[in-house]
Amino acid sequence: MEWFMKLPTTQKWIYDHLFNEENVAIMPYAPYAYRILKKLMSILEAAMKDPEEDEISDDLANCFAEMLARKSKNEIDSIQEKRPVTYTAPVLDVDPPTVTILEAPNLLASNGDTGNRTWDAALFLATYLFTDGRHFVQDKSILELGAGLGFVSVFCGKHLDARHVLLTDASEAILNSAKQNAELNGVDNIVQTSILEWGTRDFDLVSQNEGEAVSYDLILGADM
């Protein structure tokens with residue numbers, strides 16, 4: 001079997017009938033094709049006994065290299081892609097509160113920023129406020145520091161009857177996503193966003209709705 005697989009004519013047939021996009025009318029599903037070619041490459045490598053006489057065809061080798069590069073890029077894109085994640089509060093209610101956040105749950109950090117996903121500290125803080133700390137938030141004006149994608153701020157506006165929430169972060173890109181999340185959960189009339197980079201004074205506590213200075217009753221920060 002090995003001697004047959006390493007023949008140049010066999011390798012050419014495999015490439016032309018399975019992996020050559022110019023000859024194959026309907027190419028197989030890319031991840032499946034990658035797995036098949038990866039297995040074939042391991043078989044061919046095992047069959048190569050004489051490095052001077054035996055070699056894997058350039059067509060198959062180049063095809064595998066292209067598939068490997070494409071696979072790596074797709075995996076990176078998949079990790080960075082934001083998708084809706086719905087969180088449900090761990091409470092024994094018939095209709096427990098939920099918040100849906102557009103996030104990249106598999107992305108730990110990007111460009112030095114860790115705000116592309118919801119972290120456990122935010123979930124714990126929201127759970128505490130819902131079960132034991134509702135009175136801190138209800139009908140209050142809230143300022144959240146380092147809010148990231150806005151889970152806590154959205155939760156306060158959606159389920160804890162906050163009067164007004166200002167969601168702050170140092171990243172404009174993250175804040176744009178947080179604004180989307182407020183809209184997604186129907187609290188964009190309560191939750192506003194503003195850039196705040198710690199250590200600078202370029203910030204004023206101003207309501208974007210009224211254009212007037214706001215006095216905040218509670219400052220929140222999760223995993224700071």
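What is the volume of the largest pocket? In this predicted model, the largest pocket has a volume of about 430 Å³. The legends below treat the overall fold, two pockets and one helix pair.

**Figure 1. Overall organisation of the predicted model.** The secondary structure of the protein consists of 8 helices and 6 strands. Read from the N terminus, these elements follow the order α-α-α-α-β-β-α-α-β-α-β-α-β-β. The protein has 224 residues, of which 40% count as buried. Among contacts with a separation of 6 or more, 57% are made by residues 24 or more positions apart.

**Figure 2. Close-up of the largest pocket, with a volume of about 430 Å³.** The lining of this pocket comprises 22 residues, and those closest to the pocket centre are T114, G146, A147, G148 and D169. Divided by class, the lining holds 11 nonpolar, 6 polar and 5 charged residues.

**Figure 3. Close-up of the second largest pocket, which encloses about 250 Å³ of space.** Here 15 residues form the lining, and F19, E21, C63, E66 and R70 are the closest to the centre of the pocket. Three elements each give two or more residues to this lining: α2 (8–19), α3 (30–47) and α4 (58–80). The greatest contribution comes from α4, with 6 residues. In terms of class, the lining of the second largest pocket includes 8 nonpolar, 2 polar and 5 charged residues.

**Figure 4. Close-up of the packing of α2 against α3.** The axes of the two helices lie 12 Å apart and form an angle of about 175 degrees. Because angles over 145 degrees count as roughly antiparallel, α2 is roughly antiparallel to α3. Both helices also give residues to the lining of the second largest pocket.

**Figure 5. Close-up of the residues in contact between α2 and α3.** On the α2 side, the participating residues are Q11, I14 and F19. Their counterparts in α3 are A33, I36, L37, L40 and L44. By class, this contact has 7 nonpolar residues, 1 polar residue and no charged residues. F19, which takes part in the contact with α3, is also among the residues closest to the centre of the second largest pocket. The lining of that pocket, by comparison, includes 5 charged residues.

Key
Residues numbered from 1 in each chain as written. Predicted model: local features only at pLDDT ≥ 70, side-chain atom pairs only at ≥ 80, totals over all residues. Heavy atoms only, no water. 1 Å grid on protein atoms, 1.4 Å probe; cavity = no way out; pocket = protein on both sides within 12 Å on 5 of 7 lines; lining within 4 Å. Points joined across faces, edges and corners; volume = space filled by probe spheres on them. Nonpolar A, V, L, I, M, F, W, Y, C, P; charged D, E, K, R; others polar. Helix = DSSP H or I, 4+ residues; strand = E, 2+ residues; numbered from the N terminus. Axes fitted to C-alpha atoms, helices over the stretch in contact; angles between N-to-C directions. Parallel < 35°, antiparallel > 145°, perpendicular 65-115°, else oblique. Contact = heavy atoms within 4.5 Å. Buried < 20%, exposed > 50% of the residue type's maximum accessible area, 1.4 Å probe, protein only.
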